[in-house]
Structures are given as C-alpha cells and as structure tokens.
Amino acid sequence: MAESIVQTSGGITGAGAGGGLGLNAPGAGPKVQSFAGGPATKGVNIDATLESTWQDILNESHETTWFVAEYSEDGKTVEMKNSGTGGLAAFKENLGDALAWGGFKCIAVDNRENTTSKRSKFVFVQYMPQAGPAMRKAKMGSHKGTLKSICTGAHLDIMIDNVEEITEDDLVKRLQAATGAHKPNGYEFEPGVVTSAEGFLNG
C-alpha cells in the first residue's frame with residue numbers, strides 16, 4: 001500500500017495535557033501593535049518588523065523559519081537582527097555575544113504504519129550570554145511578557161546562556177514533555193533530516 005502523508009499545523013489553545021509549557025495554537029492571543037521608536041511598552045520599544053516576521057514563521061506557506069532580535073545600543077528598543085530560512089543550525093549561527101530574543105520552527109513527524117503526519121512546532125528563545133551586561137540581563141525578564149504577546153503560538157519557551165545548550169536531543173525531550181498523550185516519533189530540525197524521538201516517547 002502506498003504511504004500517505006498528512007500535513008497539519010497548529011496546536012491546542014491553552015495549556016493541555018503537556019502541562020504549563022505553552023501549548024498554544026499559532027496565532028492565538030491578543031494582537032499587539034508594535035512601534036520602532038514609538039511609546040515604550042513595559043520599558044522597551046519593539047521593532048515593528050518583529051511581529052510581521054513572526055507571523056511569517058507561523059505561516060505554513062512562507063519560507064521564513066527563524067528570527068533573531070537584539071537590543072539597540074541604548075537598550076531601549078528590541079531590533080530585528082536577522083531572519084531567514086533553513087534549520088536550527090542557521091538560527092544558532094545568528095546568536096552572537098549580545099542579549100537576544102529569537103524563535104524558530106521545527107517539524108514534528110509521526111510515522112506510523114502507512115501514514116506520516118507532520119505538524120509545525122514553534123520555539124521561543126530568550127538568549128542571555130554570560131558575557132552580556134548584568135543590568136540589561138536583569139531588565140530582560142520584565143520585557144519577556146511584551147515579546148511573548150507578539151510571538152504568540154509558541155509550543156516551547158526556553159532560556160539559554162550558551163548557544164551550545166540548544167541541542168536536538170534536548171529539544172526533543174522538551175517538546176515531548178510539552179506534548180499530549182499522542183507524541184510524535186521524530187522531529188525535523190533541519191529540512192528533510194528526522195531526529196528520532198523513540199527514546200523520549202514517554203516525555
């Protein structure tokens with residue numbers, strides 16, 4: 001029998017069986033109007049292109065898969081640094097020595113018998129490198145709510161201080177823990193390359 005492929009997207013609005021790790025449907029939550037150089041929101045301005053870029057990432061028909069944003073020199077604005085296509089490696093390459101916010105898309109793969117289903121998963125990242133200024137690190141926490149209100153629909157929310165902390169195995173473990181009873185058996189962090197989740201099927 002020929003194998004069939006089912007392409008699905010989205011998630012479950014609100015916290016589901018996976019607990020409090022943010023199982024939100026992409027696009028859920030309030031729309032936020034952001035302004036580059038406009039009035040501060042909880043002490044920080046947000047580059048207007050950040051929201052549109054995140055919406056592109058959520059859009060299944062758009063090629064953008066990740067973004068990285070950093071603080072302006074005066075620390076008052078979160079500015080888009082870069083966005084692009086590709087997988088986890090491309091995202092990590094764009095995290096430097098500066099404090100940053102980012103996000104990327106990966107694909108959950110469920111291959112059972114003659115059917116393969118694929119579902120997009122979205123990861124929100126707070127990056128606080130050890131070399132970053134202590135005062136600015138302290139302020140990042142108060143900005144997170146603003147960034148999360150723009151980057152809605154993330155299935156996973158992680159905070160790191162070293163790029164090497166983002167590994168495929170760790171992401172699989174975290175994503176499986178954030179998933180309900182029916183867990184995928186693999187993830188694509190690079191296009192066309194499936195990382196097995198067989199060892200993490202119990203979360």
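Which residues does K121 touch, not counting residues up to four places away in sequence? Select K121 and show its surroundings: the residues in contact (heavy atoms within 4.5 Å) are F104, K105, C106, A108, H155, L175 and Y187.

Before going further, note what is on the screen. This is a predicted model, in which local features need pLDDT of at least 70 and side-chain atom pairs count only at pLDDT 80 or more, while totals for chains, interfaces and linings use all residues. Residues are numbered from 1 along each chain as its sequence is written, and side-chain values use heavy atoms, with hydrogens and water left out.

**Whole chain**

Colour the chain by secondary structure. There are 4 helices and 9 strands, taken as DSSP runs numbered from the N terminus (helices are H or I, at least four residues; strands are E, at least two). Their order along the sequence is β-β-α-β-β-α-β-β-α-β-α-β-β.

Of the 203 residues, 44% are buried; buried means under 20% relative accessible area, exposed over 50%, and partly exposed in between (1.4 Å probe, protein chains only). Show the surface: the chain exposes about 9800 Å², and carbon and sulfur atoms supply 51% of that area. Accessible areas come from the Shrake-Rupley method with a 1.4 Å probe, and for residues only the protein chains shown count as cover. Among contacts with a separation of 6 or more, 60% are between residues 24 or more positions apart.

**Stop 1: β5, β6 and β7**

Return to K121, which is found in strand β6. Why does K121 count as buried? K121 counts as buried because its relative accessibility is 9%. Measure from its C-alpha to that of C106: the two residues are 15 apart along the chain, and the viewer should give 5.3 Å.

Now select residues 100–112, which are β5, together with residues 115–127, which are β6. The two strands pair in the antiparallel sense over 13 bridges; strands are said to pair if DSSP finds at least two bridges between them. To see one of the bridges, pick F104, whose partner in β6 is V123. The hairpin of β5 and β6 has 2 residues between the strands, and E113 there takes a positive phi near 55°.

Next add residues 156–160, strand β7. β6 and β7 run parallel and are joined by 5 bridges. Q126 has M159 of β7 as its bridge partner.

**Stop 2: β8 and β9**

Select residues 186–190, which are β8. In this strand 4 of the 5 residues are buried. β8 pairs with β5 in the antiparallel sense over 3 bridges, and also runs antiparallel to strand β9 (residues 193–196), to which 4 bridges join it.

E188 is a useful residue to centre on. I107 stands opposite E188, and E188 also stands opposite V194 in β9. Then click on G192, in the turn of the β8 and β9 hairpin: 2 residues lie between the strands, and G192 has a positive phi of about 80°.

**Stop 3: the second largest pocket**

Keep E188 and I107 selected and add T65, K105 and P191. These five lie nearest the centre of the second largest pocket, which is lined by 15 residues. β5 and β8 are the elements that give two or more residues to this lining. The lining divides into 4 nonpolar, 7 polar and 4 charged residues. Here Ala, Val, Leu, Ile, Met, Phe, Trp, Tyr, Cys and Pro count as nonpolar, Asp, Glu, Lys and Arg as charged, and the others, Gly among them, as polar.

The volume of this pocket is about 210 Å³. On a 1 Å grid over the protein atoms alone, a pocket is an open set of points with protein on both sides within 12 Å along at least five of seven lines, whereas a cavity is a set where a 1.4 Å probe fits but cannot get out; lining residues have an atom within 4 Å of a point. Grid points are joined across faces, edges and corners, and a volume is the space filled by probe spheres set on the points.

**Stop 4: β2, β3 and β4**

Move to N45, in strand β2 (residues 45–46). N45 is buried because its relative accessible area is 11%. N45 stands opposite T77 in β4; these residues are 32 apart in sequence, with 4.4 Å from C-alpha to C-alpha. β2 and strand β4 (residues 77–84) run parallel and are joined by 2 bridges.

Finally, select residues 66–71, strand β3, which runs antiparallel to β4 with 6 bridges between them. W66 has G84 as its bridge partner in β4. The hairpin of β3 and β4 has 5 residues between the strands, and G75 takes a positive phi near 75°.
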